[in-house]
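Please find below my notes on the model, set out as numbered points.

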Amino acid sequence: MNKGLIHRYHPWLGLPDLTPVTLGEGSTPMVHWADWGPHHIWLKLEGCNPTGSFKDRGMTVAVSQAKYEGATAVICASTGNTAASAAAYAGRGGLKAFVVVPHGQVALQKMIQASAYGAIILAVEGNFDQALSAVRHVAESEQWIALVNSVNPWRLRGQETGAYEILDDLGHAPAGFVLPVGNAGNISAYFHGFRRRGEGLPQMFGIQAQGADPLVQGHDLDNVSTVASAIRIGKPASAHLAREAVATTRGQFRSVSDDAILQAQKELAHGGVFVEPASAAAYAGLKMLYQEGRLPEGDIVAILTGNGLKDSATAGLWAAVEPQVVSSNELLTAIADLMTP
Ligand code: F0G
């Protein structure tokens with residue numbers, strides 16, 4: 001039975017005695033993917049959360065707390081996953097959800113998912129960064145509506161549980177840690193999670209997409225583009241926290257090309273792990289760091305943040321969408337032909 005993260009980690013979360021709004025999030029699989037020489041590679045499958053991404057860890061805490069404080073609605077800006085998660089948890093908690101997306105820049109399935117959960121979707125012209133500043137203004141102006149982006153400290157507190165699970169599963173801190181970075185909330189949450197537990201810190205590597213890599217460039221970007229729409233962000237709200245995480249652990253910010261992202265998505269999928277492009281960026285970064293000899297020895301954990309079904313159209317760029325048509329009495333011959341190398 002999974003009673004959700006607030007139940008599992010209550011003493012660590014600093015929450016009042018509230019009634020959790022939960023969908024049984026967390027406790028995601030950590031798969032031993034391979035041993036690359038002295039590096040033991042683990043993949044944490046965050047796409048197995050209830051709405052298909054890691055956002056549920058933060059959302060259970062943020063929505064529970066917002067409800068406890070008397071909010072009747074939540075609002076967020078989103079590249080898609082926060083929207084779907086906010087919509088689901090608001091629905092579960094009986095709150096209204098408003099999600100604000102950059103017009104035309106969010107994967108269709110994420111829009112449908114948020115809408116199916118009952119959220120009201122508003123699209124603004126511009127990019128994610130403009131959407132975020134617009135929703136911040138709304139939340140600052142009104143008491144009854146809670147902002148559930150990762151600038152909400154309860155979101156980050158909930159996302160710390162990813163670090164707790166890694167420590168509980170491995171029995172110690174990994175040597176290296178790799179994850180995709182967009183608005184930079186998740187890397188900051190993991191850093192604080194590892195630090196709060198006091199069992200050691202992994203070297204932290206934040207991977208961005210080339211074309212949307214402000215942390216690699218060292219300054220905000222006005223125009224961003226990448227196939228990984230979830231991390232198409234030029235002004236990460238938690239940039240300062242993310243820089244602290246990387247500097248303290250002597251890690252790095254790195255970026256990977258769209259081609260490398262799609263290649264990584266394919267390689268993972270052929271091994272049975274279907275993730276969305278933003279998550280594949282982490283794997284592309286992991287491989288790059290390995291090839292450069294940059295990974296520390298020991299356990300390396302990569303966070304695969306979102307499910308491949310979230311944006312399957314992008315996988316359709318390399319996966320065959322049309323089946324081979326065969327007549328039913330020729331099926332055996334067709335298969336035999338396909339089996340011969
Ligand atoms: N991976 C996925 C699948 C995401 O959806 C996001 C962020 C990230 C990685 C990056 O995490 O922002 O904490 O650095 N998605 C946000 C959203 C922006 O609106 O769903 P981050």
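1. In this predicted model, the end C-alpha atoms of residues 21-306 lie 21 Å apart, and the span is 43% helix and 20% strand, where helices (H or I, at least four residues) and strands (E, at least two) are DSSP runs numbered from the N terminus. For these residues the unreviewed UniProt entry lists "domain: Tryptophan synthase beta chain-like PALP", an annotation that may be inferred rather than shown by experiment.

2. Residues are numbered from 1 along each chain as its sequence is written. Because the model is predicted, local features need pLDDT of at least 70 and side-chain atom pairs count only at pLDDT 80 or more, whereas totals for chains, interfaces and linings use all residues.

3. The protein has 14 helices and ten strands. Its radius of gyration, taken over C-alpha atoms, is 20 Å, close to the 20 Å from the globule rule (2.2 Å times the number of residues to the power 0.38) for 341 residues, so the protein is as compact as a globular protein of that length.

4. The largest nonpolar core, a set of buried Ala, Val, Leu, Ile, Met, Phe, Trp, Tyr and Cys residues joined through C-beta atoms within 7 Å, has 98 residues, of which Val74, Ala86, Ala87, Ala281 and Ala302 touch the most other members. Buried here requires 20 or more other C-beta atoms within 10 Å of a residue's own, with C-beta atoms placed from the backbone. Helix 12 (residues 277-291) gives the most to this core, with nine residues. Domain 1 (5-53 + 154-315) and domain 2 (55-151), whose bounds come from an automatic or database assignment, both contribute residues, so the core lies between them.

Terms used: A residue is buried if 20 or more other C-beta atoms lie within 10 Å of its own, exposed if 12 or fewer, and partly exposed in between; C-beta atoms are placed from the backbone.
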